[in-house]
Amino acid sequence: MNIFQGNIRNIVGGVSNPFRSVIGNWSLFTMLLKRDLVNRTSGTVLGKIWPLAQPALQILGYWFVFGVIFSVRAEGRGENFLEYLLTGMVPWLCVAEVLSRSTTMFREFSPLYRRNPFPLEILPLLIMAIPCLVYGAAYFFLNLFMGGLDKALLSLIVMPLFMLWLLPLCLLFSVLGLFLKDFTQAVPFLLMITLFLTPILYFPSMLPEGIKQFIWINPFSDLMALVHGILQDTEFSWMNLVRPFLIWLLLLGPAWLFYKRSIPHIREVL
Amino acid sequence: MTDIAISLQGVSKYYKYYEKELDRVKEIMSGKPRFQKIEALKNINLEVGKGEVLGVIGRNGAGKSTLLKVLSDTILPSSGEISVNGRIAALLELGASFHPDMTGKENVYLSGAIKGMTKKDIDAIYEEILAFAEIGEFISRPVKTYSSGMFVRLAFSIATHIDPEILIIDEALSVGDGAFSRKSFDRIMDFKEAGKTILFCSHSMYQVEVLCDRVVWLEKGEVRKIGKPVDVITEYSNKMRMASPRKESLGTTIKGDESSENHEAAETPVKSTSVKAVPHILDIQVKVESNISKVHKVVSEVSDLEVTVLFGPGEGVPLASIAVALSGGDGRIISSAGSVQDAITLKINESGQGEARILFPKLPLLRGNYFLDVALLCEKGIHLYEAVRQAAEIHVEQNGLERGIVKLPHEWLS
């Protein structure tokens, strides 16, 4: 019973503490956020175009390879592959950026907490905020163009929900990335494999029958099914919602506990 | 309303050493210890009163920096209770929590925000911070482009302008070069006079003794002694001398901002003719019987020793003071004389140089080798501008058979 209560407390703490810390340090948070945004474009010729141009170019590359060269088509469903690709790929790029950066988060911000007390709890939300804003804005206009205002408004909830779901992974990746250098090295590969194992670059219907049932082991498959279901009116089941939610619940408590226990180590290890 | 600014009850701190970083991760996951302890502080009990200036001394590795980090909440203690009553500003290892990509101005606001200040609060002191730091247009450039001096000046300016009730300074009383060093020193003296609590860690025993009301000597993470500066520093200095005899060479010059007993002093020629804004030693002449030299043979109770120090007076600062010390080969000061202590006001000579002349008539030192040290200090005799260690070497011969270091004036009563 105590373990159960402790886990509930950690789950609540995992969500509430980072947000509470951000609210309590709002001016600090916005200052760092602004700087993060400026850093993305400073010193470049195209300046503010880059935050949108970068994902657009990546998507163009994937579309060219999978849509043009491999000629991926939905068989008998009449879906537009480019629209399908864009709907899944933009949130994925956001996810990949957040997870990748979380592994180097503590090293990146070490000058801020090495010699002074600094609220380390704000960092996970800080590194999520910029991709969420940048990709969220691009996603809104993309869906406005592809599906109209209704879909565009619905798309606004996609990035924040993705980020909330990523919170436990971000907490874990940030600590593991600091203490285990091998983990940081492995993350790009893990992200690439996850991308290929998630129905983003292909339709789930294209998979062989024997494999189809296994794609749901990957929670990102469920999340993508939900995203496509909401924004492209494709079929999805409640299990697509229940499975990732359960995984999130199971991960969040231990991830927060892990993060909390790591804080004294983080302050001293650098 | 308590009169205690800082209270430590049984505070201990150990650092964790892991053979493999994976052990650290396993420990965080399981809660089962897998580390080797490196003890930095052991059961520290200490109270610092409001308005008190506490010096923290000790050898490298004694736990001084750890104590200050624990107090400034940069690291957590392993056990014990810490109570801090008032806003703290800390200058640890001469640094600040600067974001390297942010401009100086942004970092001012960032530092304030970390301290819980609002934008309005920081707006009110921003111009003062900027004026004090003297970094001009660099304030609009990223701090990663700053020189180390500019970085430190901005850090110091922020730390001392956010109106802390408690100021923690690790390793340097006065930071930066020349004029800024003096200015930062004055700023800290203002803090002291304003009745703020200061924790001051330094290897410069002279500055600790002058500035502090009380001194705590840390050794191997424990409080070895705490008390009046003169008592603690005397015992500490004796111990240090026995542990590591002096190894400096003749004419070693030390600038005020590097005045540390453990530092490796840069060896530079004593004689200097460069024009500087900060008071600086130009020349030291040591004369015995019309003979000016760096090495003298003198006869005890017969020879007169005359020392002339010429110094550049600097700009915009009161005329400096001079102190001269005679020490033995082990570095122990045998005797010293200071123009401030003797209430002597130095003068500028016709060449525009500051000049100090002192005579030790019929030098009463007994047989042995001695060294002459010279220090150029501020008008109050506290802030060190420059020191020349072993400016001259004195070989004393004697006619009699007395033993010891000095022949005290005495008379036989029967």
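Me: Domain bounds come from an automatic or database domain assignment. On that basis, into which domains is chain B divided, and how far apart do their C-alpha centres lie?

Reply: Chain B is divided into domain 1, residues 4-240, and domain 2, residues 252-397. The C-alpha centres of these two domains of chain B lie 33 Å apart. This is a predicted model, in which local features need pLDDT of at least 70 and side-chain atom pairs count only at pLDDT 80 or more, while totals for chains, interfaces and linings use all residues. Residues are numbered from 1 along each chain as its sequence is written, chains are lettered from A, and ligands are numbered from 1 in the order in which they are written.

Me: How many helices and strands are there in each chain?

Reply: Helices (DSSP H or I, at least four residues) and strands (E, at least two) are runs numbered from the N terminus. Chain A has 13 helices and 0 strands, whereas chain B has 8 helices and 20 strands.

Me: What does the radius of gyration of chain A indicate?

Reply: The quantity is taken over C-alpha atoms, and the globule rule is 2.2 Å times the number of residues to the power 0.38. For the 270 residues of chain A the rule gives 18 Å; the radius of gyration is 19 Å, close to that value, so chain A is as compact as a globular protein of that length. Along its principal axes, the C-alpha trace of chain A spans about 60 × 55 × 35 Å.

Me: What share of each chain is buried?

Reply: A residue is buried if 20 or more other C-beta atoms lie within 10 Å of its own, exposed if 12 or fewer, and partly exposed in between, with C-beta atoms placed from the backbone. In chain A, 38% of the 270 residues count as buried; in chain B, the figure is 40% of 414 residues.

Me: How should contacts between the chains be read, and which element of chain A gives the largest share of the side that touches chain B?

Reply: Two residues are in contact if their C-beta atoms, placed from the backbone, lie within 7 Å. By this criterion, 22 residues of chain A are in contact with 29 residues of chain B. On the chain A side, two or more residues come from each of α2 (26-41), α6 (110-113), α9 (158-179) and α13 (239-269). The largest share, 7 residues, comes from α13(A). The chain A side divides into 12 nonpolar, 5 polar and 5 charged residues; here Ala, Val, Leu, Ile, Met, Phe, Trp, Tyr, Cys and Pro count as nonpolar, Asp, Glu, Lys and Arg as charged, and the others, Gly among them, as polar.

Me: Which residues of α1(B) are buried, and what covers them?

Reply: In helix α1 of chain B (residues 21-30), R24(B), V25(B) and I28(B) are buried. They cover an arc of only 95 degrees around the axis, which puts them on the same side of α1(B); the arc is that of the directions from the helix axis to the C-beta atoms. What covers them includes α9 and α13 of chain A.

Me: Is α12(A) enclosed by the rest of the structure or open, and what span should its residues have?

Reply: The expected span is 1.5 Å times one less than the number of residues. For the 14 residues of α12(A), residues 219-232, this should be 20 Å, and the end C-alpha atoms are 19 Å apart, which agrees. Because 10 of those 14 residues are buried, α12(A) is largely enclosed by the rest of the structure. Among the buried residues are F220(A), L223(A), M224(A) and L231(A). The buried residues of α12(A) pack against elements of chain A including α4 (81-102), α7 (122-147) and α13.

Me: Where does phi take positive values, as in D163(B) and Q390(B)?

Reply: Most residues other than glycine have a negative phi. D163(B), not a glycine, has a positive phi of about 55 degrees; it is in the loop between α5 (148-161) and β6 (166-170) of chain B. With 13 C-beta neighbours inside 10 Å, D163(B) counts as partly exposed. Q390(B) has a phi near 50 degrees and is in strand β20 (residues 384-397) of chain B. Q390(B) is buried, with 20 other C-beta atoms within 10 Å. In chain A, D233(A), just after α12(A), takes a positive phi of about 55 degrees.
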